[in-house]
Amino acid sequence: MKQFLELQPTANQTFRLIGYGSRGNLAARLEQSYKAEQSGDYQTACQLRYEAFEDILSTLPDDEQSVVTLDRNHPNTLAAMETMLASAVDNYLAGEGEMAAAQLELLLDCDDEDPLEATPVLALCYAMIGEWECLEDIDTDLGDKTALAPLLRALREYVTTGKIEGATMSQLSRFKEFMAELKRTDHPTDDAYLGDISSERPSRAALARELYLRAEPALALYPDFLSELKS
């Protein structure tokens, strides 16, 4: 069988995924998946991304001692990294937290600067599968610009100790729009929300809803924790 992906070293000690033919054109394959998603065929979109991920995985070294740093400035290689992230998100949303976490850990091994911001999704995966030590290890990598870090810190404390520390609750309470979103009984993705979140300057309320919707697959596994926050 003719090779369709080749791992090629660069002078900067990074590697590129050189593609041959339509199967090796990872950017086109990723775009095809997005078109399927936009047409409403989410199942096909997920399948296309996972198939591309498997091809990428088969091209990378299969032992932990041979981790490679990918050249994100190369279009086909960047498309590979974006595919890894997108497929991981698909698995996370489907409740396959362990698979998603493994994909994201691989992506971060390939570029530890995390240009695609995979770490927040990985944190949600760790919460989904109850990997509390792993979640604690990346706590400081989540930053303080959103409510995600204090939210997951509160969840970790609640599950492992039965209570939420006052300092953590104070940090989370600073994000008033997110706390308001938590207490809502519905979180509609109507035209008003979609227009707001896709605008150049989305409102804080829209960003809070976006974060809630992103965290919901993990949070839904801990209804007692949600009840605690809402009270």
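The expected span of a helix is 1.5 Å times one less than its number of residues. In this predicted model, helix 5 has 14 residues and should therefore span 20 Å, and its end C-alpha atoms are indeed 20 Å apart, which agrees.

## Helices 2, 3 and 5

The same reckoning can be set out for three helices in a table.

| Helix | Residues | Expected span | C-alpha span, end to end |
|---|---|---|---|
| Helix 2 | 13 residues | 18 Å | 18 Å |
| Helix 3 | 18 residues | 26 Å | 26 Å |
| Helix 5 | 14 residues | 20 Å | 20 Å |

Helix 2 runs over residues 26-38, and its buried residues are Leu26, Arg29, Leu30, Ser33 and Ala36. These residues lie on the same side of helix 2, because they cover an arc of only 115° around the axis. Lys35 and Gln38, by contrast, are exposed on the other side of helix 2. The cover over the buried residues of helix 2 includes strand 1 (5-9), strand 2 (15-19), helix 1 (21-24), helix 3 (42-59) and helix 4. Just after helix 2, the backbone at Gly40 adopts a positive phi of about 95°.

In helix 3, the buried residues are Ala45, Cys46, Leu48, Arg49, Ala52, Phe53, Asp55, Ile56 and Thr59. They pack against strand 1, strand 2, helix 1, helix 2, helix 4 and helix 5. The buried residues of helix 5 are Gly97, Ala100, Ala101, Gln103, Leu104, Leu107, Leu108 and Cys110, and their packing partners are helix 3, helix 4 and helix 6.

## Leu30 and Thr83

Two residues show in detail how some of these helices meet. Leu30 lies in helix 2 and has a relative accessible area of 5%, so it counts as buried. Residues up to four places away in sequence aside, Leu30 touches Arg49, Ala79, Glu82 and Thr83. The C-alpha atoms of Leu30 and Ala79 are separated by 7.1 Å, although these two residues are 49 residues apart along the chain.

Thr83 lies in helix 4 and, at 1% relative accessibility, is likewise buried. Beyond its neighbours within four places in sequence, Thr83 is in contact with Leu30, Arg49, Ala52, Phe53 and Ile56. Arg49, Ala52, Phe53 and Ile56 are themselves among the buried residues of helix 3, and Leu30 is among those of helix 2. Thr83 is also 8.0 Å from Leu26, C-alpha to C-alpha, across a separation of 57 residues in sequence.

## The loop between helix 5 and helix 6

Asp111 lies in the loop that connects helix 5 (97-110) and helix 6. Asp111 is buried, with a relative accessible area of 5%, and, when its neighbours within four places in sequence are left aside, it is in contact with Leu70, Arg72 and Met81.

Asp114 belongs to the loop between helix 5 and helix 6, and Glu117 is placed in the loop between helix 5 and helix 6 as well. Most residues other than glycine have a negative phi. Against that background, Asp114 has a positive phi near 55°, and the phi of Glu117 is also positive and near 55°. In their accessibility the two residues part ways: Asp114 is buried, with a relative accessible area of 16%, whereas Glu117 is exposed, with a relative accessible area of 57%.

## The largest pocket

The largest pocket holds about 1,200 Å³ of space. It is lined by 31 residues, of which Thr146, Leu207, Glu210, Leu211 and Arg214 are the closest to its centre. Helix 4 (75-93), helix 6 (119-129), helix 10 (176-182) and helix 12 (204-219) are the elements that each give two or more residues to this lining. Helix 12 gives the most, with seven residues. Sorted by class, the lining of the largest pocket has 17 nonpolar, three polar and 11 charged residues.

Helix 4 thus figures in more than one part of this description, because it contributes to the lining of the largest pocket and also includes the buried residue Thr83.

Note on methods: Residues are numbered from 1 along each chain as its sequence is written. This is a predicted model: local features need pLDDT of at least 70, side-chain atom pairs count only at pLDDT 80 or more; totals for chains, interfaces and linings use all residues. Side-chain values use heavy atoms; hydrogens and water are left out. On a 1 Å grid over the protein atoms alone, a cavity is a set of points where a 1.4 Å probe fits but cannot get out, and a pocket is an open set with protein on both sides within 12 Å along at least five of seven lines; lining residues have an atom within 4 Å of a point. Grid points are joined across faces, edges and corners, and a volume is the space filled by probe spheres set on the points. Helices (H or I, at least four residues) and strands (E, at least two) are DSSP runs, numbered from the N terminus. Ala, Val, Leu, Ile, Met, Phe, Trp, Tyr, Cys and Pro count as nonpolar, Asp, Glu, Lys and Arg as charged, and the others, Gly among them, as polar. Buried means under 20% relative accessible area, exposed over 50%, partly exposed in between (1.4 Å probe, protein chains only). The arc is that of the directions from the helix axis to the C-beta atoms. Contact means heavy atoms within 4.5 Å.
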